[in-house]
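Biologist: I am new to reading protein models, and I would like to learn how one goes from the atoms on the screen to features such as bonds, cores and packed helices. Could we take them in turn, with the general idea before the case?

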Amino acid sequence: MKVVVVDKNYGSVNAEKLERLKEDYAKAGIACSLEDFATEDEIIAGCAGVQAILGTGNPAITRKVMQALPELKMVQRFGIGVNSVDLEAASQLGVVVMNMPNFCVEELATHAASLILALIRNTAYYDRHIRKGMWPKAQYFEPRNLSGLTLGLFGFGGSARPLYRIFHEGFGTKVLAYDPYATEEIKAQYDACFVDFQKLLSQSDIISIHAPLTSETQGIFNRDAFRKMKDDAMIINISRGGLINEPDLIEALRQGDIRFAGLDVFDKEPLPEDSPLKKMDNVLLTCHSAFYGDTAQATQLSLAYSLVTNALLKRELNTRYIANKSVISTLQGYQIKE
């Protein structure tokens with residue numbers, strides 16, 4: 001059996017840990033190659049004859065790629081998002097796409113909370129200016145008490161729920177949520193008010209994004225959305241950069257349509273050197289690292305090993321980790337577990 005990590009230098013898993021994973025695969029009888037392919041053609045050329053492609057980031061696993069690799073059985077993402085994988089094509093071609101839902105939900109929620117608190121309390125602003133030799137004591141935007149604010153959650157999945165607990169149970173913050181896929185059973189478990197998207201925009205003081213990037217959510221936070229938000233509102237994104245129309249966000253911040261932005265993800269990563277976001281005091285930037293943490297990393301590597309070895313060597317699949325569930329009915333010779 002042969003597998004390839006196609007983006008070893010993406011940065012979400014360091015070289016030492018990937019080498020250790022490679023050694024673990026070898027002990028199980030799987031040959032693993034650690035590569036750094038940037039294009040579809042490079043992936044095709046470098047993955048001939050492999051049974052599994054592993055992506056630490058968002059490699060382009062398109063219909064073209066999968067059709068050119070007839071021995072490919074599975075694609076394994078080291079994270080939650082699968083927006084760079086053509087799920088429909090994978091199902092049609094009998095390729096199982098697996099991800100790691102909820103492996104870092106506590107880390108994501110904590111990171112979102114850190115962005116919110118740093119912006120509310122002017123922490124980043126003070127730090128930047130003190131380092132420049134200034135002492136802006138009790139200056140900049142007057143901080144507001146969290147107990148009097150409303151947190152709006154765009155999406156109410158794995159990472160939104162611990163953020164709900166941090167703010168609602170910890171600070172007494174009112175919580176709104178927009179999630180058309182949340183079941184009534186889930187809604188009944190939380191003291192949150194589920195609203196439509198327009199009310200989320202108009203009534204929230206803070207909006208935190210916790211949804212995947214899909215055709216429905218692409219650019220949903222655009223000029224119209226920002227104009228419907230409060231002019232002293234904040235937006236937080238620890239999901240995918242594509243949910244926010246970045247030029248529209250920059251314009252909204254400049255025009256005062258909203259006050260703050262805390263961003264961990266962007267349309268282009270790394271963030272371009274000339275991005276206006278880098279010069280804005282009311283913006284807090286981190287480098288797609290909200291998932292990062294000791295527990296999350298251990299879980300990530302453990303799953304990368306067990307999911308691949310179970311699928312290739314034992315012919316076992318767990319539906320919890322299958323991103324393209326429509327493929328299940330087409331599979332033969334696998335033991336499917338829930």
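Modeller: Let us start with disulfides: a disulfide is a pair of cysteine sulfur atoms within 2.5 Å. Please keep in mind throughout that this is a predicted model.

Biologist: By this rule, what does the count of disulfides come to?

Modeller: The count comes to zero disulfides. Take Cys 47, whose sulfur has its closest cysteine sulfur in Cys 32, at 11 Å, and that is too far for a bond. Cys 104 is likewise in no disulfide, since the nearest cysteine sulfur, which belongs to Cys 287, is 15 Å away.

Biologist: Is Cys 47 buried or exposed, and is Cys 104 buried or exposed?

Modeller: A residue counts as buried under 20% relative accessible area. Cys 47 is buried, with a value of 0%, and Cys 104, at 2%, counts as buried too.

Biologist: Which residues touch the most other members of the largest nonpolar core?

Modeller: A nonpolar core joins buried residues of certain types through side-chain atoms within 4.5 Å. Here the largest such core has 64 residues, and Val 3, Tyr 25 and Leu 153 touch the most other members. Helix H5, residues 105-120, supplies the largest share of this core, namely nine residues. There is also a second, separate core of 30 residues, which includes Ile 244, Ile 258, Leu 277 and Val 283.

Biologist: What does Leu 153 touch, if residues up to four places away in sequence are not counted?

Modeller: Among its partners are Ala 160, Leu 163, Tyr 164, Val 175 and Leu 176, together with Leu 200 and His 210.

Biologist: At what angle do H5 and helix H7 pack?

Modeller: One compares the directions of the two helix axes, and angles from 65 to 115 degrees would count as roughly perpendicular, while those under 35 count as roughly parallel. H5 and H7, the latter spanning residues 160-171, pack at about 50°, with their axes 8 Å apart, and they are therefore oblique to each other. On the H5 side the contact includes Val 105, Ala 109 and Ile 116, and on the H7 side it includes Leu 163, Ile 166 and Phe 167. By class, this contact has 11 nonpolar, one polar and two charged residues.

Biologist: Where is Pro 276 placed?

Modeller: Pro 276 lies in the loop between strand E11 (260-263) and strand E12 (283-285). Pro 276 is partly exposed, at 27% relative accessible area, and, leaving aside neighbours within four places in sequence, Pro 276 is in contact with Ile 250 and Arg 254.

Key: Residues numbered from 1 in each chain as written. Predicted model: local features only at pLDDT ≥ 70, side-chain atom pairs only at ≥ 80, totals over all residues. Heavy atoms only, no water. Buried < 20%, exposed > 50% of the residue type's maximum accessible area, 1.4 Å probe, protein only. Helix = DSSP H or I, 4+ residues; strand = E, 2+ residues; numbered from the N terminus. Contact = heavy atoms within 4.5 Å. Axes fitted to C-alpha atoms, helices over the stretch in contact; angles between N-to-C directions. Parallel < 35°, antiparallel > 145°, perpendicular 65-115°, else oblique. Nonpolar A, V, L, I, M, F, W, Y, C, P; charged D, E, K, R; others polar.
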